[in-house]
Each structure stands twice: as C-alpha cells, then as structure tokens.
Amino acid sequence: MPEYVSTRSTGEDAPLTYSDVVLEGIAPDGGLYIPKEYPSWSHEDLKALQGLTYEEIYLAVKSFFVGDSINTATQRQHAAAAYSPEKFPEAENGNIVPLRELDKNLFVVNLSLGPTGAFKDMALQPLGQEMDYELRRRGKRLLILGATSGDTGSAAEASVKGLDTIDLIMMSPEKGMSDFQQAQMDDLEGGNIENFAMQVPFDNLQKIVKEVSKELGLGAVNSINWGRVASQIAYYFSGYLQAIEASGKTIGDEVDFVVPTGNMGNALAAYLARKIGLPIRKIIIATNENSTTHELIQTGIYRKNDSRITTSPSMDIVVPSNYERVVHDQLGNDPDRTSSYYNQFEESGLVDFRDVGASSNLLTKAGFDSGASDHDKRIETIRWANERGTLIDPHTADAVWVARHQGGEEKALEVPTVCMETALWFKFEPTMEKAIGDLPERPERFRGLKNVPGGFKILSGMVELKEYIQEKQRNQL
Ligand SMILES: *Cc1c(COP(=O)(O)O)cnc(C)c1O
C-alpha cells in the first residue's frame, strides 16, 4: 500500500495514508502529496481489463492508490454510488465514458455524462463519499475551501451537498464563468454550501485559496487533492481499450491522448497512466489563448504570464497547479530540486530546466507534446464537428483542433488519437450559438436553470475571506 509524501518534503515528516491526504488537501510545506510508488502493469494486465465495466476498471486502477486505507467492500460501495445509472442517465449500454469516432483515427471520449455535465464529476463523485466516510470514522467535520474556473464549483457541490460532515465554501472569479455554470452553483447553494466571488483572475484566486487553506487547515476539492487525480487515471485505461477496439488494433499498440488543459490535473492522470504501463505514445496538451503550458512543453521555459478571459474559460489558467507533481517526478523525485525550481519561479517569474541541471526537452522526452488553440479555431472546430453530427463544447473543441493540427498544420493522424471531452456543449450556449446558430434543446435534466441575478456575493480579498472563515470556525466550536 503506497505511502504519501509531499513534493517538497525533506523526509522528516511521517508518511501519510490515502485517507490522510484526501482530507488534508495541500501539504503544510506548500507542496502536493504524491505516492511513493506506482504499480507497473504489463500488456497481459491490460488484456485482463477487456470487457470489464467502467466501475471495474476504475476499481482495478484506483484500489492500488487507496490500499487498505479504505476496505475493499467500502471502496466498491463508493464506486457503485459514484457511477450509478441514476447519476449517469445518458450512459450508452451501461458505458459511462463512451467513445465516438469523429474522423479517421480521431476519437472523442465523453467524460461529461455525470450529474453536472462535467468531467470533474468523474473524480468528485467518489471524493465526496471518501471524505464523508473518513470523517465519520474519525468523528470529525471538515471545512473545505475551493476555487473554481468553471466546473469544479458545481461538480464539488453536487458531490458534498447535504453531507453533515462537510461545509464547502466555493470561490469564483467575478468574470469568466458561463451563466449556466453560475446558475448550476446557485441551484446547489444552501445548507452546507456557500458561493462567493472575488474580483481577481482565477490564478490569483487559486493562490489565495491555497494560502488560506494552508494557514487555517482547510480541506481541498481542487485537483491539488490527490484523491481527484487518483480517480482520473482509470478513464485513460477505458479510453485506450475502446480506441484500440474501434480502430482494429491490438493491446500494446500506441495511442495519443489530447487533453484540454488548465490546472493539468487531467494531463497528470494521463502521465500517470503512461507511467503505470498504458501504451500512450504522446500526451498532447491543448491550451487556449492562455498558452503558458504549451510554451513550457515546447521550450522548457516556465514563465509567469497574465491570464486572459476566453471562450473556453475553464482553461484560463497560466499557473497549472498539478505541474508540480510532473516536474517533481521528472526531477528524480528530488524535493530540493523541486523547491529550488519553484522558488526561482516565484522570485523571478521565469524558470528554465537548465537552471536545475535538466535539459530543455525534459517534458517532450517524458511523452508530452502540445498545441494552442484560440477563439476562431474553437468556433471553426465546433462547426466542423457539428457537420459530422457531433456537438462538442468549446474546451473539447480546443483539443480537437490541436489533435488535427499537430505542429501547427493539418495532417493525417498516424495513431489512434483520443480527445478528452471535458464538458457538455450546453454549458456554453452563447459560444455554441456563435458557431452553429440554432441550438437543440438541452437534455431534460438540465432545463430550467435560471441565471443568477447580479452574480455571487463579492469578497474584497484574502483578508475578508480569512475573517469570514475564522468566524465560521469559531461558531462551529
Ligand atoms: C477543469 C476543466 C478543464 C481543465 O482541466 P485540468 O485538469 O484543470 O487541466 C478543461 N475543460 C473543462 C471544461 C474543465 O472544466
């Protein structure tokens, strides 16, 4: 069973269990928790997954990371409840992550059929249950502070709604979220859930939330929480098996995955699937106009840029928090090198791999590649997919554009290329309408959400947020 340590750990603190790190979120030293070991699977192991349901594949992958921190029967219960037919009513023949073919060798795996129409449900559904289970066992209550650039908000709220072990405060940037996303969060507000906004870009908000969480010992639902990453790895296995079957290949043949990227939680899950032994040739990161991560992969230079608001708002992130886990792994699991890399980034706003004795192509050697999309490309791609009978959302469109234009130009795809569908189209109706005109009706369960008049209550900054939470903590004693 794996033990967990922080990416910046000096080795003095005791290693933690899966349940510990799920409740703790960010490490006290400011690093992110990672397991000390990973499983290693052969092609034979992959063959054994063929024909299994998603839930079974998920358990096969996830149980390694949970170990005996949660007993097997309970892990099964959590999975069954997280991925139930009630929560995934549009599953296709029981498949909750169905694959569709868009073009020769070009596939989309739909990860967004869950309760809030977002791929974040895939990880947040089990996470809420795991936290609740562990809090009950310890007789504790947890205050969670989150930051959302779009879908984490509603997916986290849907996951912990009504639990009496958890209070959730969700912070949004004042601008950037779609009306639909705000309406979803507003709909879930009440009881143990509160929404606030702050007039800062998402990256700044994320930094504030990290700092306040660390200082006040709060829980986390952002992908800095290891539990989220651990639950996301499984859908790469399912996507791989489906793509291999759909393209008439055999297990062991390589595929590319294209990931619409913000905080790099999803791309990290792909990286770990590859590390475990899934035959992934390339993990292709798709960014929007906020192309920091694309430049980082291509040049080895990580630069602090200002973020812009775009029409794929959940990717308006220029400080991808999960990159720390990737870079730590690539720097030989060396906490000193990781710390010095991040200290330099904090101090000068720019860090080069050569500054820590690594080569500029460290990330491409590790299997990453990248491309950047923009508004016009996104619109063109939504239109292109629609002509092929498929509606894809603006974030998925960024991935599909990057998949079709590797190296910047349109080329035939050499290997099966699977784009991750991270949200359903109707969460971004104004952009969809611009691309294709009249829109079909939303699925039944998503009709009738109303816009939030005036948005969420605004907190002025870190000081007001901290005071509000401390007041809440005092009242709970
Ligand atoms: C969160 C989100 C992303 C980015 O995922 P990361 O794991 O943060 O890289 C992309 N698209 C949508 C729709 C999202 O909600």
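**Exercises: a ligand and a ring pair**

The ligand sits in the largest cavity. Keep in mind as you work that this is a predicted model.

**Exercise 1.** Find which residues come nearest to the ligand, and describe the shell around the ligand.

*Solution.* Start with the neighbours: there are 15 residues around the ligand, and Lys120, Gly262, Asn263, Met264 and Asn266 come nearest. Next, sort the shell by character: five residues are nonpolar, eight polar and two charged.

**Exercise 2.** Work out which polar contacts the ligand makes with Lys120, Gly262 and Thr422.

*Solution.* Take the ligand's oxygen atoms to begin with. One lies 2.5 Å from a side-chain N or O atom of Lys120. For Gly262, a backbone N or O atom is 2.8 Å from an oxygen atom of the ligand. Then turn to nitrogen: a ligand nitrogen atom is 2.9 Å from a side-chain N or O atom of Thr422. Finally, look at the cover: on its own the ligand has 380 Å² of accessible area, and the protein covers 97% of that.

**Exercise 3.** Classify the ring pair of Tyr38 and Phe65, and say which parts the pair ties together.

*Solution.* The whole structure holds 22 aromatic pairs. In this one, the ring centres of Tyr38 and Phe65 are 6.1 Å apart and the planes stand at 70 degrees, so the pair is edge-to-face. Now place the residues: Tyr38 is in the loop between β2 (33-35) and α2 (43-47), while Phe65 is in helix α3 (residues 54-66), so the pair ties together parts 27 residues apart in sequence.

Terms used. Residues numbered from 1 in each chain as written. Predicted model: local features only at pLDDT ≥ 70, side-chain atom pairs only at ≥ 80, totals over all residues. Heavy atoms only, no water. Near = heavy atom within 4 Å. Polar contact = N/O pair within 3.5 Å; in protein donor to acceptor, adjacent residues only side chain to side chain. Areas by Shrake-Rupley, 256 points an atom, 1.4 Å probe, with all protein chains shown as cover. 1 Å grid on protein atoms, 1.4 Å probe; cavity = no way out; pocket = protein on both sides within 12 Å on 5 of 7 lines; lining within 4 Å. Sits in = over half its atoms within 2 Å of the grid points. Nonpolar A, V, L, I, M, F, W, Y, C, P; charged D, E, K, R; others polar. Phe/Tyr/Trp six-rings, centres within 6.5 Å; stacked < 30°, edge-to-face > 60°. Helix = DSSP H or I, 4+ residues; strand = E, 2+ residues; numbered from the N terminus.
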